[in-house]
Amino acid sequence: MHSAAAEKLLREILAQNPDRVAQGNACYGLGRLYHKRYLDETSAKDAARYAQEAEAFFQREADKYADVVLYHTAEKQFPFAVVAQSRLYELRHLIPGKVVPEIAGEDIDGKALKLSDYRGKVVVINFWGTWCAPCMAMVPKDNELVKRFEGRPFAFVGVCNDYDRERVKKSVAAKGINWPSWWDGGENRIGPIAEAWHIASWPRLFIVDQRGVIRHAGDEGLTVRTEALVEALLKEIPAGP
């Protein structure tokens, strides 16, 4: 529900409905509406404006309706204090134009792995798990991209959110996964990296340029468009001596 009519209705509820729960949900709805417009917009100028609008509504949510509860499902209830802060973190740190946050930890085999070590390269960050069918369906294309850009200043790295590290190791071997991943799982599947980045859907893909600036964030995996972006960003890197 992202139409002009939906926006008009939500604004009317926010301005005129005396019930704080209705106001809080309308405010959050407007934030999501502008966030969706930001994600869908291809014009950098308009996308930035939509992101600012979304941030303003989510900040208003956090300031005025923090105690109002979002009923996500019958079992899960989240106060807007938590939900709004999650959205604000994304808009302030994880959208194109922002410097990518550091990721430091260990890979699936227990070896140290740090995102900033890849500075100077174009980096694709892929949040994935063996339980995620779309993630696993993308593996052949992911592997192909790594081979395609072999020898160039490029890195493909994963953040594995899964239940069983040993099972993941077997899957990596069976699928011929040729890129490193942080281990970010366990009993609840979600580790500190995904929690800090407020990842809510998988796969989740980020493309970072050689300066460490996020240039793409999305949940569609590799596409013709994202592969073309990687190629374009590689061309921005000056050739070595």
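**Close-up 1. Cysteine 160, a sulfur without a partner in reach.** In this predicted model, the cysteine sulfur closest to that of cysteine 160 belongs to cysteine 135 and sits 9.1 Å away, so it's too far for a bond. Cysteine 160 has 0% relative accessibility, which is why it counts as buried. Cysteine 27 also comes out at 0% relative accessibility and therefore counts as buried.

**Close-up 2. The disulfide between cysteine 132 and cysteine 135.** A disulfide is a covalent bond between the sulfur atoms of two cysteines. Search the whole structure and you'll find 1 of them. Here the sulfur atoms of cysteine 132 and cysteine 135 are 2.4 Å apart. The torsion about their S-S bond is about 80 degrees, so this disulfide is right-handed. Don't look for it on the surface: cysteine 132 and cysteine 135 are both buried.

**Close-up 3. The largest nonpolar core, seen around phenylalanine 206.** In soluble globular proteins, nonpolar side chains tend to be buried together. The largest nonpolar core in this model takes in 48 residues. Ile125, Phe127, Trp128, Phe154, Trp197 and Phe206 have the most contacts inside it. Zoom in on phenylalanine 206 and, leaving aside neighbours within four places in sequence, you'll see it touching Leu94, Val123, Val124, Ile125, Phe127, Trp197, Ile199, Ile214, His216 and Ala217. Apart from this core lies another one, with 25 residues, including Leu10, Leu14, Cys27 and Val83.

**Close-up 4. The largest pocket, with a volume of about 1200 Å³.** Its lining is made up of 31 residues, and Ser86, Arg87, His198, Ile199 and Ala200 are the ones nearest the centre. Helix H2 (20-40), helix H4 (80-93), helix H7 (192-196) and strand E8 (204-208) each chip in at least two lining residues. H2 gives the most, with 7 residues. Sorted by class, the lining of the largest pocket has 14 nonpolar, 8 polar and 9 charged residues.

**Close-up 5. The second largest pocket, with a volume of about 640 Å³.** Which residues lie nearest the centre of this pocket? They're Tyr38, Leu39, Glu41, Ala47 and Pro96, out of 25 that line the second largest pocket. H2 turns up here too, giving two or more residues to the lining, as do helix H3 (44-64), strand E9 (214-218) and helix H8 (224-236). H3 gives the most to this lining, with 6 residues. By class, the lining of the second largest pocket splits into 11 nonpolar, 5 polar and 9 charged residues.

Terms used:
Residues numbered from 1 in each chain as written. Predicted model: local features only at pLDDT ≥ 70, side-chain atom pairs only at ≥ 80, totals over all residues. Heavy atoms only, no water. Core = buried A, V, L, I, M, F, W, Y, C linked by side-chain atoms within 4.5 Å. Buried < 20%, exposed > 50% of the residue type's maximum accessible area, 1.4 Å probe, protein only. Contact = heavy atoms within 4.5 Å. Disulfide = S-S within 2.5 Å. 1 Å grid on protein atoms, 1.4 Å probe; cavity = no way out; pocket = protein on both sides within 12 Å on 5 of 7 lines; lining within 4 Å. Points joined across faces, edges and corners; volume = space filled by probe spheres on them. Helix = DSSP H or I, 4+ residues; strand = E, 2+ residues; numbered from the N terminus. Nonpolar A, V, L, I, M, F, W, Y, C, P; charged D, E, K, R; others polar.
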